[in-house]
Structures are given as structure tokens and as C-alpha cells.
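Welcome to a short tour of a protein model. Have a look at the sequence and the 3D view, then read on.

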Amino acid sequence: MLQLSVRLDYGTCAFDAMTSSDPLRRWLEGRWALLFSHPEDFGGAGFEADRWLVYVRDAFVSQRLRPIGIGIGYGDGADWISQAGGRFIPRHVANDLLPSEAQRTSDHFVTILDDTLRARRTLLYKPGNDVPCAIDLAHTAAHLRARAACGFSSPDSAERLARREPGRRDRRRTRTAARP
């Protein structure tokens with residue numbers, strides 16, 4: 001089970017990335033992405049690292065996601081990002097993608113970005129024992145994408161649906177009650 005601190009859930013806040021992210025947007029090709037602040041925290045180690053990388057790569061491909069790492073992309077286990085089909089971006093480009101609350105944090109985080117590079121959710125974790133599994137993060141992002149496709153992209157839309165729902169149920173009850 002994925003146990004993380006969810007500090008920021010952005011919904012559909014109005015956000016436009018700077019023009020420096022246009023090549024990144026084209027590279028995504030309509031996919032969502034996971035932006036890793038410290039990708040080296042997720043690198044596999046030991047003789048099982050190759051098998052782990054295959055599973056991670058398959059999870060990202062099957063969920064139509066791309067991993068993005070902040071940094072230079074070599075050393076200390078961070079190279080798994082490029083091996084899984086992702087890329088690295090410098091910190092200043094990543095700051096263009098993140099809302100100001102996430103830019104100020106010194107915590108380790110993973111941000112789920114939609115296909116327009118809008119931050120949808122930021123998950124905070126502590127390095128060491130509290131590092132989430134990259135495969136679980138891929139499934140979380142796919143779940144958010146599915147909710148967004150169904151109109152549950154923000155807490156406001158869920159509240160609007162909840163306000164409409166009782167009326168729909170009442171109409172169905174009155175129709176069934178009127179039948180002989």
C-alpha cells in the first residue's frame with residue numbers, strides 16, 4: 001500500500017508553464033509524467049536491479065507515463081530514469097512546472113504532471129525507509145488520469161457532482177414509485 005504525505009493536490013488550477021518547457025511538452029506526446037525531485041532515491045541496487053528496471057519500464061509504458069528527473073542524470077542510481085524512457089531536466093525548468101508552494105519545499109517529492117505539464121498532485125516522502133515504489137506511483141498517476149477523464153479532476157467537480165446526484169436519485173425514485 002502506498003503511504004505518503006499528500007500535501008498539495010492541485011486539481012485544475014490555472015497554470016501555464018514557461019516556454020522553456022515546450023520541448024518537454026512535445027516529448028511527452030500526450031502522456032502524463034512523474035517528476036522526481038531526487039531520482040536517486042528510487043534506483044534499484046544489487047543483482048535484482050535489472051529485473052526491477054524491467055518492471056518499472058513496463059509499468060510506465062502500460063500506464064502511458066514518462067519519468068522525469070530533476071538533475072544532471074548520472075551517478076548514484078539516478079540513471080534508471082533514462083533507462084526507463086525518461087529524461088532529466090535542470091532545476092530552473094522544474095521550478096517553472098511547479099506551483100510556488102512546491103518550489104519552496106526542501107522535502108523529497110514526486111509530482112504528477114498531466115499531458116499539458118500541469119501539476120496535479122505532489123507526494124512528499126522521507127528518504128530512507130519511506131521511499132514509495134515507482135510502480136505504485138505509476139498506478140497512482142494512472143488513477144488520477146482516469147478520474148480526470150471522468151470529470152473528477154478537482155475537488156470542486158466532485159462537490160458539484162455530489163450536489164447534482166441527490167436530484168437524479170430522487171427523480172429515479174419517483175419514476176419507479178409511480179409505476180404500477
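## A glutamine and its neighbours

Let us start with one side chain: that of glutamine 63 makes a polar contact with the side chain of histidine 139, at 3.2 Å. Please keep in mind that this is a predicted model.

Where does glutamine 63 sit? Its place is the loop between H2 and strand S3 (65-70). Glutamine 63 counts as buried because its relative accessibility is 17%, and the cut-off for buried is under 20%. Leaving aside residues up to four places away in sequence, glutamine 63 touches Ala138, His139, Ala142 and Arg145.

## The chain as a whole

Now step back to the full view. The protein chain has 7 helices and 6 strands. Following the sequence, you meet them in the pattern β-α-β-α-β-α-β-α-α-β-β-α-α.

How much of the chain is buried? Of the 180 residues in the protein chain, 38% are buried. The accessible surface of the protein chain comes to about 10400 Å², and 50% of it belongs to carbon and sulfur atoms. Contacts also reach along the sequence: among those in the protein chain between residues at least 6 apart in sequence, 72% join residues at least 24 apart.

## Aromatic rings

Next come the rings. A pair of aromatic rings is described by the distance of the centres and the angle of the planes. How many aromatic pairs does the whole structure hold? A search finds 5 of them. In one pair, phenylalanine 42 and tyrosine 125 have ring centres 5.4 Å apart and planes at 75°, so this pair is edge-to-face. Phenylalanine 42 lies in the loop between strand S2 (32-36) and helix H2 (49-62), while tyrosine 125 belongs to strand S6 (residues 119-125), so the pair ties together parts that are 83 residues apart in sequence. Both partners are buried: phenylalanine 42 has a relative accessibility of 5%, and tyrosine 125 has a relative accessible area of 4%.

Another pair is made by tryptophan 52 and tryptophan 80, with ring centres 5.6 Å apart and planes at 75°, so this one is edge-to-face as well. Tryptophan 52 lies in helix H2 and tryptophan 80 in helix H3 (residues 80-83), so the pair ties together parts that are 28 residues apart in sequence. Are these two tryptophans buried or partly exposed? Tryptophan 52 is partly exposed, at 21% relative accessibility, whereas tryptophan 80 is buried, at 2%. Ring pairs also link Phe36, Phe42, Trp52, Trp80 and Tyr125 into a cluster.

## Charges over a ring

Which ring has the charged end of arginine 66 sitting over it? It is the ring of tryptophan 27, and the charged end is 4.6 Å from the ring centre. The charged end of arginine 87 sits over the ring of tryptophan 27 too, 5.1 Å from its centre.

## Salt bridges

Opposite charges pair up here as well: the structure holds 5 salt bridges. One of them joins arginine 31 to glutamate 29, with the closest N and O atoms 3.1 Å apart. Glu29, Arg31 and Arg66 are linked in a network of salt bridges, and Arg66 is the arginine you have just met over tryptophan 27.

Two further bridges are worth finding in the 3D view. Arginine 51 bridges to glutamate 48, and their closest N and O atoms are 3.5 Å apart. Arginine 51 is exposed, at 51% relative accessibility, while glutamate 48 is partly exposed, with a relative accessible area of 32%. Arginine 118 bridges to aspartate 114, with the closest N and O atoms 3.9 Å apart. Here arginine 118 is partly exposed at 22% relative accessibility, but aspartate 114 is buried at 2%.

## Two backbone angles to look at

Finally, consider the backbone. Most residues other than glycine have a negative phi. Glutamate 29, however, has a positive phi near 50°. This residue lies in the loop between helix H1 (22-28) and S2, and glutamate 29 counts as exposed because its relative accessibility is 53%, where the cut-off is over 50%.

Leucine 117 also has a positive phi, of about 65°, although it is not a glycine. Leucine 117 is found in the loop between strand S5 (108-113) and S6. Is leucine 117 buried or exposed? At 0% relative accessibility, leucine 117 counts as buried.

Terms used: Residues are numbered from 1 along each chain as its sequence is written. This is a predicted model: local features need pLDDT of at least 70, side-chain atom pairs count only at pLDDT 80 or more; totals for chains, interfaces and linings use all residues. Side-chain values use heavy atoms; hydrogens and water are left out. A salt bridge is a side-chain nitrogen of Lys or Arg within 4 Å of a carboxyl oxygen of Asp or Glu. Buried means under 20% relative accessible area, exposed over 50%, partly exposed in between (1.4 Å probe, protein chains only). Rings of Phe, Tyr and Trp (its six-membered ring) pair if their centres lie within 6.5 Å; planes under 30 degrees apart count as stacked, over 60 as edge-to-face and the rest as tilted. Helices (H or I, at least four residues) and strands (E, at least two) are DSSP runs, numbered from the N terminus. A charge sits over a ring if NZ of Lys or CZ of Arg is within 6 Å of the ring centre and within 35 degrees of the ring normal. A polar contact is a pair of N or O atoms within 3.5 Å; within protein, one must be able to donate a hydrogen and the other to accept it, and residues adjacent in sequence count only if both atoms are side-chain atoms. Contact means heavy atoms within 4.5 Å. Accessible areas come from the Shrake-Rupley method with a 1.4 Å probe; for residues, only the protein chains shown count as cover.
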